[in-house]
Amino acid sequence: MNHLHFFGIQEEPFRLTPDRDFFFPSRAHAAVAEVIRYGLESGEGFLIIYGEVGTGKTMLLRKLGSYLHNRYDTAYIIAPQLTPRDLLFAILQDLNALSRQESDQSAPALFQKIYDYLVRRNPAGKRLLVIIDEAQSLPEESIEQLRLLSNFETDKEKLMQILLVGQPELREKIYRPSLRQLRQRITISETLQPLSAAEMTAYINFRLNRVGRADLTPPARVTKMVYRYTRGTPRLINKLMSRALLMSYAAGKQHIDKKSIKDAATSLDMAPLAGFRGRFGRPAS
Ligand SMILES: Nc1ncnc2c1ncn2[C@@H]1O[C@H](COP(=O)(O)OP(=O)(O)O)[C@@H](O)[C@H]1O
Ligand SMILES: [Mg+2]
């Protein structure tokens, strides 16, 4: 018997995949999604979503997926450690706009190809949206290449929109003097915040409910502790809660208590995280 069977659960409630069936509509997610939709609809050329590791950026993209696919031709790049040339190549490849013989074309040729693609596609009324996840790994020259791409426009509108999604390091990159031209183009940039303590409890409850065991949601004195270790970051919540289930099982307990959380944290080598308030209760500046 594994620990999930012990709890009468079929599937891992706290798995670490951005699974849309487990999407929890937090306020932060809804707010960012709203601004992004607005920005896309009003034709902004460059949009950015920042967020710490594990706050749910990729999940948000998955969730926006069906909305985006209906309205846009999308190219979705997930591993952007690419030279400018390889980035152009990856975009065309994701659009299925390259034939085998064209795989060794130069950057200018690929650039031209994207332009041709846009002009050809535009009468269909669908704009092109290039989404780059983990965009903090894009080399500076490749970010600059994206700026050049976003110059493609008709008299009336941009032919292409670009959505960058990345960790806070992306912001530092974009603020480098060499990218100031790009920075001036960015009118929409949103930061995905972690869950509040109250939302975190609702999130835990939501996931347990999905597998039919909402009653396993721990009481406030226990969730408080979960919050101290995770500060509302979904990936950390999942890790800790998943391990806590295992710890409860190992101890033969049909519930999650403080000891389960403590043991889980120890086993994962997680320490309490500093929050917005300092140790002495003062708000951090
Ligand atoms: N709104 C949400 N609803 C449900 N699960 C979420 C949500 N946001 C994040 N998660 C979970 O947290 C984990 C990390 O999310 P992910 O999107 O990969 O973070 P990021 O891309 O910001 O590093 C995933 O396991 C995902 O299932
Ligand atoms: Mg991600």
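## Charged side chains in a predicted model

The structure holds eight salt bridges. This is a predicted model, so please read every value below as computed from predicted coordinates.

Let's set the scene before turning to the charges. The protein has 12 helices and five strands, and its C-alpha atoms fill a box of roughly 65 × 45 × 30 Å along the principal axes. Of its 285 residues, 47% count as buried. Sequence-distant pairs feature strongly in the contacts: among those between residues at least 6 apart in sequence, 74% join residues at least 24 apart. The protein exposes about 14700 Å², with carbon and sulfur atoms supplying 50% of that area.

Now to the charges themselves. The protein carries 41 positive and 30 negative charges, and the mean positions of the two sets are 7 Å apart. Side chains of opposite charge can pair when their charged atoms come close. Three of the pairs are set out here.

| Salt bridge | N to O distance |
|---|---|
| Glu11 and Arg15 | 2.4 Å |
| Glu144 and Arg147 | 2.6 Å |
| Lys253 and Asp257 | 3.0 Å |

The Glu11–Arg15 pair belongs to a network of salt bridges that links Glu11, Arg15 and Asp19. Glu11 is partly exposed, with a relative accessible area of 36%, and Arg15 is also partly exposed, at 21%.

Where does arginine 147 sit? Arginine 147 is found in helix H6, which covers residues 140-149. Its salt-bridge partner, glutamate 144, lies three residues away in that helix, so about one helical turn separates the two. Glutamate 144 counts as partly exposed at 22% relative accessibility. Arginine 147, at 7%, counts as buried because it falls under the 20% cut-off. Leaving aside neighbours within four places in sequence, arginine 147 is in contact with Phe46, Gln181, Leu182 and Arg185.

Lysine 253, the partner of aspartate 257, is buried too, with a relative accessible area of 17%.

Which residues form a positive surface patch? Arg221, Lys224, Arg228 and Lys258 do. The largest share of this patch, three residues, comes from helix H10, residues 220-230. Lysine 224 is found in helix H10, and at 57% relative accessibility lysine 224 counts as exposed, because the value is over 50%. For a contrast of two positive side chains, compare exposed lysine 224 at 57% with buried arginine 147 at 7%.

Key. Residues are numbered from 1 along each chain as its sequence is written. Chains are lettered from A and ligands numbered from 1 in the order in which they are written. This is a predicted model: local features need pLDDT of at least 70, side-chain atom pairs count only at pLDDT 80 or more; totals for chains, interfaces and linings use all residues. Side-chain values use heavy atoms; hydrogens and water are left out. Helices (H or I, at least four residues) and strands (E, at least two) are DSSP runs, numbered from the N terminus. Buried means under 20% relative accessible area, exposed over 50%, partly exposed in between (1.4 Å probe, protein chains only). Contact means heavy atoms within 4.5 Å. Accessible areas come from the Shrake-Rupley method with a 1.4 Å probe; for residues, only the protein chains shown count as cover. Lys and Arg count as positive and Asp and Glu as negative; His and the chain ends are not counted. The place of a charge is taken as NZ of Lys, CZ of Arg, CG of Asp or CD of Glu. Patches are made of residues with over 30% relative accessible area and no salt bridge: like charges are joined within 9 Å, nonpolar side chains (Val, Leu, Ile, Met, Phe, Trp, Tyr) within 5 Å. A salt bridge is a side-chain nitrogen of Lys or Arg within 4 Å of a carboxyl oxygen of Asp or Glu.
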